[in-house]
Amino acid sequence: MPTESSRIELSEHELREIAGYAADCARRVLPLFERSLPADTRPRDAIDAAHAFTDGGRRTGALRQSAWAAYRAAGEAAPPAAADAARAASHAAAAAYLHPKTSAHQVKHILGAAAHAARAEELASGEDRCVTAGTLDWARHHAPPAVTAVLGRLPAAPPGGGRVGELMRDLDAALRGPIR
């Protein structure tokens, strides 16, 4: 069994596919944030930065800063659904910084955007679990091969994290399962 300090193989192509997936998940819920704070472009900027990386851009300080800026926007968003939408955007930009370490924490870099997007849609729907199931199903079916390949090299999603952590573990289990 690998230890927390073990390293995994992680190609630049895989990083780009994972970041693109995270950005696609976050983009689905961006309107939930923009309806609340239409003048605040930080979450959109983070998603755009993640897509720029996906399309061949470099991992720069600006990409990392866009992730932090979206995270700060989440803290300023009053409606909980808007806050989770901004957190999804933050995770999208941060996905480019997945580390090649065998650590359950790294699963958050891969699935954080999808889990926060699912929570944002759940909150916006009045806690309708059917909406959440549909969002997780979409995320499962749209995961590129790199997502499942890299998850297969990592331990399962960590415990904790409240409802978002629960959604992440559900998605992680579904992606690792036999049927995709």
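## Helix α4 and its neighbours

The axes of α2 and α4 approach within 8 Å and cross at roughly 30°. That angle makes α2 roughly parallel to α4, because angles under 35 degrees count as roughly parallel. The crossing of α2 past α4 is left-handed. On the α2 side, the contact is made by P43, A46, I47 and A50. On the α4 side, A86, A89, A92 and A93 take part. The residues of this contact are eight nonpolar, no polar and no charged. This is a predicted model.

**Helix α4 itself**

Helix α4 covers residues 80-94, which is 15 residues. From its first C-alpha to its last, α4 reaches 21 Å. That is close to the 21 Å expected at 1.5 Å a residue.

How many residues of α4 are buried? The count is 12 of the 15, so α4 is largely enclosed by the rest of the structure. The buried residues are A81, A82, A83, D84, A85, A86, A88, A89, S90, A92, A93 and A94. D84 and S90 are on that list. So are A86, A89, A92 and A93, which also serve in the contact with α2.

Which helices do the buried residues of α4 pack against? They pack against α1 (12-36), α2 (42-54), α3 (61-76), α5 (105-124) and α8 (162-176).

**Two residues of helix α5**

Helix α5 holds A117. H109 has its place in α5 as well. Are these residues buried or exposed? The table gives the values.

| Residue | State | Relative accessible area |
|---|---|---|
| A117 | buried | 3% |
| H109 | buried | 16% |

Both count as buried because each value is under 20% relative accessible area.

Take A117 next. Leaving aside neighbours within four places in sequence, A117 is in contact with C25, V29, A88 and T135. One of these, A88, is a buried residue of α4. A117 also pairs with D84 in a distance check. The two are 33 residues apart in sequence. In space they are 6.6 Å apart, C-alpha to C-alpha. D84 is itself buried in α4.

Now H109. What does H109 touch, not counting residues up to four places away in sequence? Its partners are I18, H91, A94, A95, Y97 and L98. Among them, A94 is a buried residue of α4. H91 falls within residues 80-94, the range of α4.

In short, α4 is largely enclosed, and α2 and α5 are among the helices that its buried residues pack against.

Terms used
Residues numbered from 1 in each chain as written. Predicted model: local features only at pLDDT ≥ 70, side-chain atom pairs only at ≥ 80, totals over all residues. Heavy atoms only, no water. Helix = DSSP H or I, 4+ residues; strand = E, 2+ residues; numbered from the N terminus. Expected span 1.5 Å × (residues − 1). Buried < 20%, exposed > 50% of the residue type's maximum accessible area, 1.4 Å probe, protein only. Contact = heavy atoms within 4.5 Å. Axes fitted to C-alpha atoms, helices over the stretch in contact; angles between N-to-C directions. Parallel < 35°, antiparallel > 145°, perpendicular 65-115°, else oblique. Left-handed = near helix turned anticlockwise from the far one by under 90°. Nonpolar A, V, L, I, M, F, W, Y, C, P; charged D, E, K, R; others polar.
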